[in-house]
Amino acid sequence: MATPVGRIEKEFLLKAMYDEQLPVMYIKDRTEYILKLSSPAGTGDLIFKPNKPLEKFKPRAKLTLLFNYKGQVIDFNTEVLLQKEAQIFCASPEAMYKNLDRNYLRVDTPQDVKVLFTFRGDRYNLSFPKINEYENIVEEDLLRHMDPKNLSGLIAQIATSLKNFADGYKIINFKDKKPESTEELIVSETGKTLFIPSTVGFLPKTDPYPKKRIITEEIFKRYLESTGVGSMFLDENIQRFLKNKCDAGVYSDAWIPILFQEYVIGYIHIWIDKQQRPPFDFSVLDNVYQYAKVLAFGLKENGYFEHGRVHNEPFEGRVLDISASGLLFAYPLGTTLLSTLLVDAELTVTIEAPNRTINVIGRIVRRFKDKNAGYFGCRFINMEPEDTRFLFEHLYGRGIDDSEKTFLTGHV
């Protein structure tokens, strides 16, 4: 994921851009331009001199620029203030980004390119609690020793496995029981695991998982605030919550959501009520998380969600910019489709260009919105080398050189 650089680092990069005369790349109509600062950036405007003449920009035109500083690719957007004597005066950028998910500049979509999107796999409209993330369940990632097509056998197998490390368990379906308790509500609203290693301890302060799964103390506090608890009473409420569990004879506790696409369809609750038994740790959560995944997949395979299946038709988003490794598109607010375009959701992206049509998987890696539309950044996944080469040449007006061969191996 692209990371914004801090204020001090941004000032350092702007200084290095002039001191080291770093080439800054801009692409327009398949032509690559190299810009260099003709005076120090300081705290004012950026004054660039291009390596060849540029057409006259419209007032306040937006430019997307990219440069490389010691192997780190940095990009930023700026606004043209003035063109004078072969120089371009631009506003100092509000932000710069590093750790890009791409390693080449995104450009305006060529007029002869059309892009269509289709959700991969089946889509559903269900009455379960809904979250703003997408759980992508792939059969190849499921536990091999469990058969998701034998649902009753699967549940019995999960129950037997849970007894290996828990004194008690429940598997709850939100179709039969709507969320009511604090635990059920916070799990259904966040789609994350409520993990209490010890009820005489504390809620986790950090989440070790790359894709965050745990309800940390901070998340729990924000939930309490949403229910009307004042900020000065948050710690007291958490202490009371844990003490009530301990007084009830529960010493270690975990509530793991069962996720299907963007829905929380239920949860697996496990607990320890014998003090001599080891408390739950992250390895236990990893196991139960896998059980929840295979259970969700088993329900799908047995037609449990079939009543909510929706017709999957191509749709056309407004592509704002595109590169050889991804694109950014917008979609109008107030549409049902918008709520299903979630981070980690995968789309089939069809790129129609003269003499070639490319079909590639696009994974949504970021989403944001303003008052006009929702915006979705997609990364291309496993694009065929010949398609990458064609798209690269069509967008940038030149072939790929040796320094850009990473495009041909998918490491974008």
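# Worked exercises on a predicted model

D344 is partly exposed, with a relative accessible area of 23%. This value comes from a predicted model, and the exercises below use values computed from that model.

## Exercise 1. Two residues with positive phi

Compare the location and the exposure of D344 and N382, given the phi of each.

**Solution.**
Step 1. Phi of D344 is near 85 degrees, a positive value in a residue other than glycine. Phi of N382 is also positive, near 55 degrees, and N382 is likewise not a glycine.
Step 2. D344 sits in the loop between β17 (326-332) and β18 (346-353). N382 sits in the loop between β20 (373-381) and α7 (385-396).
Step 3. Exposed means over 50% relative accessible area, and partly exposed lies between 20% and that limit. With 23%, D344 is therefore partly exposed; with 67%, N382 is therefore exposed.

## Exercise 2. The packing of α2 and α6

State how helix α2 (residues 151-162) and helix α6 (residues 282-301) are oriented to each other, and describe their contact.

**Solution.**
Step 1. The two helices pack at an angle of about 170 degrees, and their axes are 10 Å apart.
Step 2. Angles over 145 degrees count as roughly antiparallel. Helices α2 and α6 are therefore roughly antiparallel to each other.
Step 3. On the side of α2, the contact is made by L151, L154, I155, I158, S161 and L162; on the side of α6, by V288, Y291, V294, L295, G298 and L299.
Step 4. Sorted by class, the residues of this contact are 10 nonpolar, 2 polar and no charged.

## Exercise 3. The length of α6

Check whether the distance between the end C-alpha atoms of α6 agrees with the span expected from its 20 residues.

**Solution.**
Step 1. The expected span is 1.5 Å times one less than the number of residues. For the 20 residues of α6, this should be 28 Å.
Step 2. In the model, the end C-alpha atoms of α6 are 29 Å apart, which agrees with the expected span.
Step 3. Beyond the helix, α6 is followed by G303, whose phi is positive, near 80 degrees.

## Exercise 4. The crossing of α3 and α4

Classify the orientation of helix α3 (residues 182-190) and helix α4 (residues 217-226), and give the make-up of their contact.

**Solution.**
Step 1. The axes of α3 and α4 come within 11 Å and cross at roughly 105 degrees.
Step 2. Angles of 65 to 115 degrees count as roughly perpendicular. Helices α3 and α4 are therefore roughly perpendicular to each other.
Step 3. Helix α3 contributes T182, L185, I186, E189 and T190 to the contact, and α4 contributes I219, F220 and Y223.
Step 4. The classes in this contact are 5 nonpolar, 2 polar and 1 charged residues.

## Exercise 5. The aromatic partners of F305

The structure holds 22 aromatic pairs. Classify the pair of F128 and F305, then the pair of F260 and F305.

**Solution.**
Step 1. The ring centres of F128 and F305 are 6.5 Å apart, with 80 degrees between the planes. Planes over 60 degrees apart count as edge-to-face, and this pair is edge-to-face.
Step 2. F128 lies in the loop between β10 (123-124) and β11 (130-135), and F305 in the loop between α6 and β15 (309-310), so the pair ties together parts that are 177 residues apart in sequence.
Step 3. F128 is buried, with a relative accessible area of 9%, and F305 is buried, with 1%.
Step 4. For F260 and F305, the ring centres are 4.1 Å apart and the planes lie at 10 degrees, so the pair is stacked.
Step 5. This pair links distant parts of the chain, as F260 is in strand β14 (residues 252-272) and F305 is in the loop between α6 and β15, 45 residues apart. F260 is buried, with a relative accessible area of 4%.

## Exercise 6. The surroundings of T118

Decide whether T118 is buried or exposed, and list its contacts beyond four places in sequence.

**Solution.**
Step 1. T118 is found in strand β9 (residues 114-119).
Step 2. Buried means under 20% relative accessible area. T118 has 19%, and therefore counts as buried.
Step 3. Leaving aside neighbours within four places in sequence, T118 is in contact with N312, E313, P314, F315, L347 and T348.
Step 4. F315 also belongs to one aromatic cluster, formed by F117, F119, F315, F329, Y331 and F376.

How values were computed: Residues numbered from 1 in each chain as written. Predicted model: local features only at pLDDT ≥ 70, side-chain atom pairs only at ≥ 80, totals over all residues. Heavy atoms only, no water. Axes fitted to C-alpha atoms, helices over the stretch in contact; angles between N-to-C directions. Helix = DSSP H or I, 4+ residues; strand = E, 2+ residues; numbered from the N terminus. Parallel < 35°, antiparallel > 145°, perpendicular 65-115°, else oblique. Contact = heavy atoms within 4.5 Å. Nonpolar A, V, L, I, M, F, W, Y, C, P; charged D, E, K, R; others polar. Buried < 20%, exposed > 50% of the residue type's maximum accessible area, 1.4 Å probe, protein only. Phe/Tyr/Trp six-rings, centres within 6.5 Å; stacked < 30°, edge-to-face > 60°.
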